[in-house]
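Please open the model in your viewer and keep the sequence panel at hand. The stops below move from one selection to the next.

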Amino acid sequence: MKKITVSTLLKMKAEQEKIAAITAYDASFAKLFDEQNIDVILIGDSLGMVLKGEEDTLGVSVDELAYHTKSVRNGAQRAFVIADMPFMSYASPEQSYQNAATLMRAGASMVKVEGGEWLLDTISGLVERSVPVCGHLGLTPQSVNVFGGFKVQGREQSQADALLESAIALEKAGIQLLVLECVPAALAKRVTQSVSIPVIGIGAGVDTDGQILVMHDMLGISANYMPKFSKDFLAQTGDIRQAVATYIEDVKARNFPTEAHWFN
């Protein structure tokens, strides 16, 4: 199978082919997901919660992300690999350049940052230095203490308008992919139709260009809790490989998520 690239993902959006994405943290699961033809693998700072058992993602370091990125890259031959930039690793443009280089050298094809227009200079600087960037808007877990918990974002009209403006500004700054987390389905559709880059949703309805789940949630084995927007595909199928295949098939066919998994 041909290796997935940014150009592949842009073509999938243009042709309205849904993008299936999942998190992974080691070579064995990355290989399994790759063999089932997953499109995108994210090494998420969610590892702080699902691997380390912490309450949030804030304790994850760049070194930990680099370690897991290298492991995933060793297992994934086809999928597009994205690495999260952890909390406070991109507080300034100069800091972001150094930390992004660490993750790219570890095997990432793109790095992901959380936040809106305060990141524009950082994003344009990374892109100028040949680092592809994925944005992340809505519920940005690294801002959990500002939000006062893991809460749906963009329900107020002013918040929705500001999020849309941020998405457009991030694209102009150079992001090539955008994750929307825990926003109303109607807002996610509006954002997806307003930008030319692929939009990957999680708890954002069925009208984004693709979907992503944390692998532990998709397999029903998370140590903490099962989010409303997730689904236990392992319980449905009884086999890990079949669970992954069914998740991908349901994303591609628009059978997942359903209205039970998104917010209005």
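Begin by selecting Thr246, which lies in helix α12, the helix that covers residues 240–252. Keep in mind from the outset that the model you are looking at is predicted. Thr246 has a relative accessibility of 8%, and because buried means under 20% relative accessible area, this threonine counts as buried. If you now display its surroundings and set aside the neighbours within four places in sequence, the residues in contact with Thr246 are Phe233, Gln236 and Thr237.

Before the next residue, zoom out to the whole chain. Colouring by secondary structure should bring out twelve helices and eight strands. The radius of gyration of the chain is 17 Å, close to the 18 Å that the globule rule gives for 264 residues, so the chain is as compact as a globular protein of that length. Turn the C-alpha trace along its principal axes, and its span comes to about 45 × 40 × 40 Å. Of the 264 residues, 59% count as buried, and among the contacts between residues at least 6 apart in sequence, 64% join residues at least 24 apart.

With the view still at this scale, switch on the surface, of which the chain exposes about 11100 Å², with carbon and sulfur atoms supplying 49%. Colouring by charge then picks out 23 positive and 31 negative side chains, and the centres of these two sets lie 5 Å apart.

Next, select Thr208, in the loop between strand β7 (199–202) and strand β8 (210–213). Is Thr208 buried or exposed? Thr208 is buried, with a relative accessible area of 0%. Show the side chain of Thr208 as sticks, and you will find that it reaches the backbone oxygen of Gly210 at 2.8 Å. Beyond the residues up to four places away in sequence, Thr208 touches Lys18, Ala188, Thr192, Val199 and Gly201.

To travel from this loop to the following stop, you can use Ala27 as a signpost: Thr208 and Ala27 are 181 residues apart in sequence, and their C-alpha atoms are 28 Å apart in space.

Now select Tyr25, which sits in the loop between strand β1 (19–23) and helix α2 (27–35). Tyr25 has a relative accessible area of 4% and is therefore buried. What does the side chain of Tyr25 meet through polar contacts? One such contact, of 2.9 Å, joins it to the side chain of Thr23, and another, of 2.6 Å, is made with the side chain of Ser46. Leaving out residues up to four places away in sequence, expand the selection to the residues that Tyr25 touches, which include Gly44, Leu47, Val50 and Leu51, as well as Ser71, Val72, Val214, Met215 and His216. For a sense of distance, place a ruler between the C-alpha atoms of Tyr25 and Ile38, which are 13 residues apart in sequence and 15 Å apart in space.

Finish with His68, another of the residues that Tyr25 touches; this histidine belongs to helix α4 (residues 62–75). At 15% relative accessibility, His68 counts as buried, because the cut-off for that term is under 20%. The side chain of His68 reaches the backbone oxygen of Tyr25 at 2.8 Å, and, again without residues up to four places away in sequence, His68 touches Ile43, Leu47 and Leu51 in addition to Tyr25. Leu47 and Leu51 are also among the residues that Tyr25 touches, so keep both selected while you look over this last view.

Notes: Residues numbered from 1 in each chain as written. Predicted model: local features only at pLDDT ≥ 70, side-chain atom pairs only at ≥ 80, totals over all residues. Heavy atoms only, no water. Helix = DSSP H or I, 4+ residues; strand = E, 2+ residues; numbered from the N terminus. Buried < 20%, exposed > 50% of the residue type's maximum accessible area, 1.4 Å probe, protein only. Contact = heavy atoms within 4.5 Å. Polar contact = N/O pair within 3.5 Å; in protein donor to acceptor, adjacent residues only side chain to side chain. Rg over C-alpha atoms; globule rule 2.2 N^0.38 Å. Areas by Shrake-Rupley, 256 points an atom, 1.4 Å probe, with all protein chains shown as cover. Lys, Arg positive; Asp, Glu negative; His and termini not counted. Charge placed at Lys NZ, Arg CZ, Asp CG, Glu CD.
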